[in-house]
Amino acid sequence: MFIGIDDTDSPDGMCTTYIASKLVDHFRDRLIGYPRLVRLNPNIKYKTRGNGALAIQVGQGGGSKIEVGHVHETPVFSNSELKKEQWSPDDMEKVISTVEQFSESGDNTNPGIVFSRVPIDPELYMNAVRKEIEMVKIEKLLKSIDAEFVKFGNGRGIIGAASAISWTENPHTFEVLNYSFPAGRRRSITEKLEISNYAESTGLTFDSIDRRNRRPAIFPREKTPVVYGIRGMDPDSLIRLSRDINIKFSVESERTTIFKTNQATDDHIVVNPPLLENLGSYAIDANVLSEPYSIRGGHYFLDLEYNSGRVRAAAFEPTKEFRSIISRLRPGDMVRAFGSFVDETINLEKVRISSVSEEYGRTNPKCKRCGIMTTNRGRNDFRCPSCGARYSLPEYVRINRNLTEGYYEVPVTARRHLSMPLRLRGTVRDINDMY
Ligand code: ATP
């Protein structure tokens, strides 16, 4: 049985991954594969934070044992293969009561649970990560495959829940989440930076810290049962690292769970589509049309030409030092711009500078006799300060653009869950895919 859940939390607390972690514990030894944390379209307005949905598979297991976390000191295992279906009405009741018990309430919290005996068409996932989906379509799809679903509030959560089931798990990365509920002790920024730095320096993780902007990225910004989440490519080493950190830094741990996830895969990005649609995310090959301009608050914009049309691109204040690259672009430069298209603007996540145009500046000519710079007396009257020779034409010299071709990305502090860090190129997905 595939079980999907979504939309159980509010900005005030809780986290759908915690509910999934409780279910992982409950269904221990009957779990199949890794629990999944699936990020969906980052531009959906209903999202609370990172638009994450969860799915697990339950049945009689076969194959080998997989460690998927621990509860207090006891490891929790899953199975690499499904041997036989094993599901009862009590199991269903348990899932529903767990979601009820740990869901927040509020207008923007509309939990949904989906139970499906069969996998769901992967096309749903592709649409859910790139477009906006209507709830009626999901209900129709679920009925057509005899899946059951439970809705709380307006039940919008079934969109994410069904989509998480339909994810085919490739490409993927992993994240180990460590929980404490009720929330554990508060930590100083120094302590958080120290722990994040330790995680990053093992070389087993990515996006754990933003040293320049002093952001300990493994720690959540909001109130939630998540103490930290560490991302990487290898599940076993992430589990070991988490244990190591908990002991070394005396971090409280009620439970940890490792999730297989589509984070850092760039699955939301469509390359060079014929049309840009609102709420989609794209990589577009474009020419720079305008000088960059900034507005109050430190946001930078520039106009691009794409498919003979004009598109605005933005590097907002939270993208920090990335803005300095964008501010150096000039008309005539060619770029591949990656980002979400919202309100007619591409919000840049990364950029490839494909070619840097030559820029020339006007300057006083040098005296042909003396070799020294003339002075400008106005109206193209240039005079040599030494011999008095007169010149009527300025010189044009190539300006050092201080910009090199290549890839640039926003810093870790501004990274979206789905966005693939450049250092993972060729690791998470084929390098020729979109780079
Ligand atoms: P958190 O990351 O803290 O778990 P969240 O950011 O995932 O929270 P949710 O509370 O899950 O936010 O709300 C997102 C809502 O949007 C869910 O109801 C989900 O079903 C719905 N949703 C997700 N993707 C889409 C989509 N592509 N089209 C329409 N609705 C979507």
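## Where domains 1 and 2 meet

About 1400 Å² is buried between domain 1 and domain 2, and carbon and sulfur atoms give 45% of that area. Keep in mind that this is a predicted model. On domain 1's side, look at Asn-43, Arg-130 and Asp-207: this trio supplies 37% of the area that domain 1 buries against domain 2, more than any other three residues.

In terms of head count, 19 residues of domain 1 are in contact with 16 residues of domain 2. The centres of domain 1 and domain 2, taken over C-alpha atoms, sit 32 Å apart.

## How the chain is divided

If you want to colour the chain by domain, domain 1 runs over 1-265. Domain 2 comes in two pieces, 269-358 and 400-417, while domain 3 takes 360-398.

## Charges and polar contacts

Two salt bridges are counted between domain 1 and domain 2. Have a look at Asp-207 again: it forms a salt bridge with Arg-415, and their closest N and O atoms are 2.9 Å apart. Asp-207 is also one of the three residues named above for the area that domain 1 buries against domain 2.

Polar contacts turn up across this interface too, with 14 residue pairs found between domain 1 and domain 2, both partners at pLDDT 80 or more. What classes of residue does domain 1 bring to the side that touches domain 2? The split is 10 charged, five polar and four nonpolar.

## The second largest pocket

Now for some empty space. The second largest pocket has a volume of about 400 Å³. Its lining is made of 17 residues, and those nearest the pocket's centre are Gly-184, Arg-185, Arg-186, Lys-192 and Glu-222.

Sorted by class, the lining of this second largest pocket holds eight charged, six nonpolar and three polar residues.

Definitions and conventions
Residues are numbered from 1 along each chain as its sequence is written. This is a predicted model: local features need pLDDT of at least 70, side-chain atom pairs count only at pLDDT 80 or more; totals for chains, interfaces and linings use all residues. Side-chain values use heavy atoms; hydrogens and water are left out. Domain bounds come from an automatic or database domain assignment. Contact means heavy atoms within 4.5 Å. Buried area is the accessible area (1.4 Å probe) that two parts lose on being put together, summed over both. A salt bridge is a side-chain nitrogen of Lys or Arg within 4 Å of a carboxyl oxygen of Asp or Glu. A polar contact is a pair of N or O atoms within 3.5 Å; within protein, one must be able to donate a hydrogen and the other to accept it, and residues adjacent in sequence count only if both atoms are side-chain atoms. Ala, Val, Leu, Ile, Met, Phe, Trp, Tyr, Cys and Pro count as nonpolar, Asp, Glu, Lys and Arg as charged, and the others, Gly among them, as polar. On a 1 Å grid over the protein atoms alone, a cavity is a set of points where a 1.4 Å probe fits but cannot get out, and a pocket is an open set with protein on both sides within 12 Å along at least five of seven lines; lining residues have an atom within 4 Å of a point. Grid points are joined across faces, edges and corners, and a volume is the space filled by probe spheres set on the points.
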